[in-house]
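Let's take a walk through this protein together, one piece at a time. Keep the picture open beside you as you read.

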Amino acid sequence: MMIRTGKIRELDPMDRGFTLIAGPCSAESREQVLECARSLSDMGVRIFRAGVWKPRTRPGNFEGWGEKALGWLQEAKTETGMTVMTEVANSRHVEAALKAGIDMFWIGARTTTSPFAVQEIADSLRGTDIPVMVKNPINTELELWIGAFERLYGAGLTRLAAIPRGFSAHDERLYRYSPQWQIPVELRRCIPGLPILCDPSHMAGRSSLVPPLARMALDMKADGLFIEVHPEPGKALSDSAQQLTPAEFKELISTLVSHRESLEEDMKILKPYRKSIEETDRKIVELVAARLEASDKAGDLKRLRNLAVLQPERYKSLAGDMVEEGRRYGLDESFIRSLFEILHTESIKHQLENNNRE
Ligand code: PEP
Ligand code: MN
């Protein structure tokens with residue numbers, strides 16, 4: 001299915017093309033929600049997140065205040081003018097959240113793993129075209145993530161975005177959830193134009209690792225960040241270790257802005273070198289094609305005169321010449337040998353294939 005994502009108005013360039021979504025892991029009380037929304041709104045954040053239904057791995061932990069908390073989000077929206085979003089995991093959540101005027105939804109990592117749940121959410125959203133952001137499934141299965149977008153898109157939802165939040169990995173030591181950047185990169189290739197907003201909070205699992213991950217996300221060309229911020233992280237009822245205080249968040253944003261500016265500057269300086277690398281690579285391809293053409297002609301002659309395709313003496317003297325030539329330019333001998341090996345193998349393969357074609 002070809003997914004053509006529509007524009008999410010609220011994701012339009014807020015800070016030179018970069019979107020910030022922030023708020024507490026859970027909406028814990030009216031005061032906590034309003035205090036957090038006010039401090040973020042004062043910093044210029046336009047989208048506020050808070051979970052009201054919390055999927056917990058084990059029962060008995062705080063599972064959110066449910067519908068009651070939707071009213072606190074409504075109040076935060078009216079008072080600050082921010083766009084508000086929450087997590088939905090089934091059609092009851094969707095109905096209650098739509099009724100409460102919640103502007104956007106996200107589908108959590110545990111829900112994305114369940115095609116039934118995603119389909120149920122998609123069906124209950126049919127006809128709304130409300131923005132929906134989909135977190136990656138907790139396991140490293142790209143297909144499930146893509147499948148979730150297909151189900152939503154199939155129900156007529158076009159204002160979609162992805163939230164990489166890290167993957168469960170048995171060998172991950174540093175992070176709570178392994179970033180596995182190659183997976184969101186592949187998602188971007190499969191669904192071009194899909195905005196990607198990185199959630200470094202759940203990847204990190206602890207607040208000190210959020211800033212370096214946020215910088216990596218920026219370098220990976222993420223379209224924005226989705227970050228957990230709590231007025232008093234130490235007292236949070238869920239994900240206490242990974243939430244930033246509003247002050248820490250503010251500091252992070254200002255370092256990201258300067259990082260972004262210097263990155264743009266660095267890219268400008270790199271540009272002429274990159275151009276010259278691209279031109280050189282193009283010439284290399286041209287030369288390789290010329291080499292193969294010459295060797296194909298040599299192959300035709302070998303065949304006519306009944307000579308062996310592989311002539312070890314010839315190979316040895318050529319390799320030696322190449323190494324010698326490379327030395328003049330200060331090139332590493334083993335590198336030159338491997339490069340030559342690849343070229344020579346391809347030529348021999350061509351000659352053998354041409355022989356078989358006869
Ligand atoms: C969250 O954002 O608070 C959350 C529960 O996320 P995830 O589904 O990524 O665990
Ligand atoms: Mn959380």
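To talk about how two helices sit against each other, we need their axes: an axis here is a line fitted to the C-alpha atoms, for helices over the stretch in contact, and the angle is taken between N-to-C directions. One thing to keep in mind throughout is that this is a predicted model.

With that in hand, look at helix H1 (residues 30–42) and helix H2 (residues 67–80). Their axes are 9 Å apart, and the packing angle is about 30°. Angles under 35 degrees count as roughly parallel, so that is what we call H1 and H2. The crossing of these two helices is right-handed. Which residues of H1 meet H2? On the H1 side you'll find Arg30, Val33, Leu34, Ala37, Arg38 and Ser41, and they meet Trp72, Leu73, Glu75, Ala76, Glu79 and Thr80 in H2.

Now try another pair, helix H5 (residues 115–125) and helix H6 (residues 142–154). Here the axes come within 9 Å and cross at roughly 25°, so H5 and H6 are roughly parallel to each other too. H5 passes H6 in a right-handed crossing. The contact is made by Pro115, Val118, Gln119 and Ala122 of H5, together with Leu144, Ala148, Arg151 and Leu152 of H6.

While you're around there, look for the start of the chain. Met1 belongs to the segment before strand S1 (19–23). Is Met1 buried or exposed? Its relative accessibility is 62%, so Met1 counts as exposed. Even so, Met1 has company from far along the chain: leaving aside neighbours within four places in sequence, Met1 is in contact with Glu150, Tyr153 and Gly154. The C-alpha atoms of Met1 and Glu150 are separated by 6.9 Å, although the two residues are 149 residues apart along the chain.

The third helix pair is helix H10 (residues 246–304) with helix H12 (residues 333–357). Their axes are 9 Å apart, and the helices pack at an angle of about 45°. That angle makes H10 oblique to H12. H10 also passes H12 in a right-handed crossing. The list of residues making this contact includes Val288, Leu292, Ser295 and Gly299 of H10, and Phe340, Leu343, Ser347 and Gln351 of H12.

Next, the strands. How many strands form the open sheet? There are 8, in the order S6-S5-S4-S3-S2-S1-S8-S7, and the pairing is parallel. Strand S6 (160–163) and strand S7 (197–198) are the edge strands, each pairing on one side only. At the S7 edge, 2 bridges hold S7 and S8 in parallel pairing, and Leu197 stands opposite Gly224 in S8.

Move along to strand S3 (residues 83–87). Strand S2 (residues 47–49) runs parallel to S3 and is joined to it by 3 bridges, with Phe48 standing opposite Val84 in S3. In a regular strand, side chains alternate between the two faces of the sheet. You can follow the two directions in S3: Thr83, Met85 and Glu87 point one way, while Val84 and Thr86 point the other way. Since 5 of the 5 residues of S3 are buried, this strand is largely enclosed by the rest of the structure.

Finally, find the metal. What coordinates the manganese ion (ligand 2)? The donors are Cys25 (SG), His202 (NE2), Glu228 (OE) and Asp239 (OD), at 2.1 to 2.4 Å. Along the chain these donors follow the spacing C-x176-H-x25-E-x10-D. Two of them link distant parts of the chain: His202 sits in helix H8 (residues 200–204) and Glu228 in strand S8 (residues 224–228), 26 residues apart. His202 counts as buried because its relative accessibility is 8%, and Glu228 counts as buried at 0%.

Asp239 deserves a second look. This donor lies in the loop between S8 and H10 and, at 16% relative accessibility, counts as buried. Asp239 also has a positive phi of about 45° although it is not a glycine. Gln180 has a positive phi as well, near 45°. You'll find Gln180 in the loop between S6 and helix H7 (182–190), where its relative accessible area of 22% makes Gln180 partly exposed.

Notes. Residues numbered from 1 in each chain as written. Chains lettered and ligands numbered in written order. Predicted model: local features only at pLDDT ≥ 70, side-chain atom pairs only at ≥ 80, totals over all residues. Heavy atoms only, no water. Donors = N, O, S within 2.8 Å, 3.2 Å for Na, K, Ca; no water. Helix = DSSP H or I, 4+ residues; strand = E, 2+ residues; numbered from the N terminus. Buried < 20%, exposed > 50% of the residue type's maximum accessible area, 1.4 Å probe, protein only. Pairing = 2+ DSSP bridges. Axes fitted to C-alpha atoms, helices over the stretch in contact; angles between N-to-C directions. Parallel < 35°, antiparallel > 145°, perpendicular 65-115°, else oblique. Left-handed = near helix turned anticlockwise from the far one by under 90°. Contact = heavy atoms within 4.5 Å.
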